[in-house]
Amino acid sequence: MHKEILKHVTSKINLSKDEQREFTGVLSEKRISKKEFLFKPGQAVDYEYYVVQGCLKAFYLDENGNKHIIQFAVEDWWISDFEAFFGNYPAQLYVEAIEDSVLLGIHRDTLETLYKRIPKFERFFRIKTTNAFVALRSRILSSLQKNNKERYLEFCQTYPQIEKRVPNYHIANYLGIKPESLSRLRKELS
């Protein structure tokens, strides 16, 4: 199980065998079943999670009870309520498993210790955070500049591994369009 996360990490930074052992030694395994929540609003968010196997979604419920999917996460991705994790305050998001999932978690305090003991990890997580920021900005600009068809095609091209695994109504929600509109688009494109 650690092989996947080590491959993920060492694609950005070089680690000695001792550093690899120290890193994998601080990770905790978590298994959650389909439709199970990793956490809900109001709960503490002490961990960020690397997805070894499975698929999850992070979403927000507005005051009218409408769901807004913020993120999907599949193998080789990270998921959490990052705002709550980094700010050390209660979750605002729900994180729910779409499929049975296996995760590796790292506690906030352990991560801070890891930064001090192996400073290369600050570089690794800076790269991951920067890439996430750029992806979020691209998503915002896409929603402002492109029509539904263009956004859907861009989603399929960017995330083909998600498009095949996630129900259409989740994709529609993520894209900010109605499920019926997505169904029409898919028929038009086939």
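Colleague: What makes phenylalanine 39 and valine 95 in strand 7 a matched pair?

Modeller: In this predicted model, phenylalanine 39 stands opposite valine 95 in strand 7. Two bridges join strand 2 to strand 7, and these strands run antiparallel. Two strands count as paired if there are at least two bridges between them, so strand 2 and strand 7, with two bridges, are paired.

Colleague: How do you know that strand 4 and strand 7 pair?

Modeller: Four bridges link strand 4 (residues 55-61) to strand 7 (residues 94-97), in the antiparallel sense. The requirement is at least two bridges, so the pairing of strand 4 with strand 7 holds. Within strand 7, glutamate 96 is the bridge partner of lysine 57.

Colleague: Why are strand 2 and strand 5 called edge strands?

Modeller: The open sheet they belong to has four strands in the order 2-7-4-5, with antiparallel pairing. Strand 2 (37-39) and strand 5 (67-74) each have a single partner strand, so one side of each is left without a neighbour in the sheet. From one strand to the next, the twist averages 25°.

Colleague: What packs on this sheet?

Modeller: Helix 8 (residues 168-175) does, touching strand 4 and strand 5. The direction of helix 8 makes about 110° with that of strand 5.

Colleague: What makes both faces of strand 7 covered?

Modeller: Tyr94 and Glu96 lie on one side, Val95 and Ala97 on the other, and all are buried. Buried means under 20% relative accessible area.

Colleague: Why is arginine 117 called exposed?

Modeller: Its relative accessible area is 55%. The cut-off for exposed is over 50%, so arginine 117 qualifies. Arginine 117 lies in helix 4. Between the C-alpha atoms of arginine 117 and serine 142 there are 40 Å, and the two residues are 25 apart along the chain.

Colleague: What is the strand order in the open sheet that contains strand 8?

Modeller: That open sheet has four strands in the order 1-8-3-6, again with antiparallel pairing. Strand 1 (28-32) and strand 6 (78-79) are the edge strands, each pairing on one side only.

Colleague: How do you know that strand 1 and strand 8 pair?

Modeller: They share five bridges in the antiparallel sense, strand 8 being residues 101-107. At least two bridges are needed, so strand 1 and strand 8 are a pair. The bridge partner of serine 28 in strand 8 is glycine 105.

Colleague: Which members of the largest nonpolar core touch the most other members?

Modeller: They are Ile5, Val9, Phe23, Leu56, Ile79 and Phe121, out of 37 residues. Leaving aside residues up to four places away in sequence, phenylalanine 121 touches Val9, Ile13, Leu15, Phe23, Leu114 and Tyr115. A second, separate core has 20 residues, including Phe59, Tyr152, Val166 and Tyr174.

Colleague: What lines the largest pocket?

Modeller: The pocket holds about 1,200 Å³ of space. Its lining has 32 residues, of which Gln71, Trp78, Phe82, Ala132 and Phe133 are the closest to the centre. Strand 5, helix 3 (82-87), helix 4 (108-117) and helix 5 (120-145) each supply at least two residues of that lining. Helix 5 gives the most, with nine residues.

Conventions:
Residues are numbered from 1 along each chain as its sequence is written. This is a predicted model: local features need pLDDT of at least 70, side-chain atom pairs count only at pLDDT 80 or more; totals for chains, interfaces and linings use all residues. Side-chain values use heavy atoms; hydrogens and water are left out. A nonpolar core is a set of buried Ala, Val, Leu, Ile, Met, Phe, Trp, Tyr and Cys residues joined through side-chain atoms within 4.5 Å. Buried means under 20% relative accessible area, exposed over 50%, partly exposed in between (1.4 Å probe, protein chains only). Contact means heavy atoms within 4.5 Å. Axes are lines fitted to C-alpha atoms, for helices over the stretch in contact, and angles run from 0 to 180 degrees between N-to-C directions. On a 1 Å grid over the protein atoms alone, a cavity is a set of points where a 1.4 Å probe fits but cannot get out, and a pocket is an open set with protein on both sides within 12 Å along at least five of seven lines; lining residues have an atom within 4 Å of a point. Grid points are joined across faces, edges and corners, and a volume is the space filled by probe spheres set on the points.
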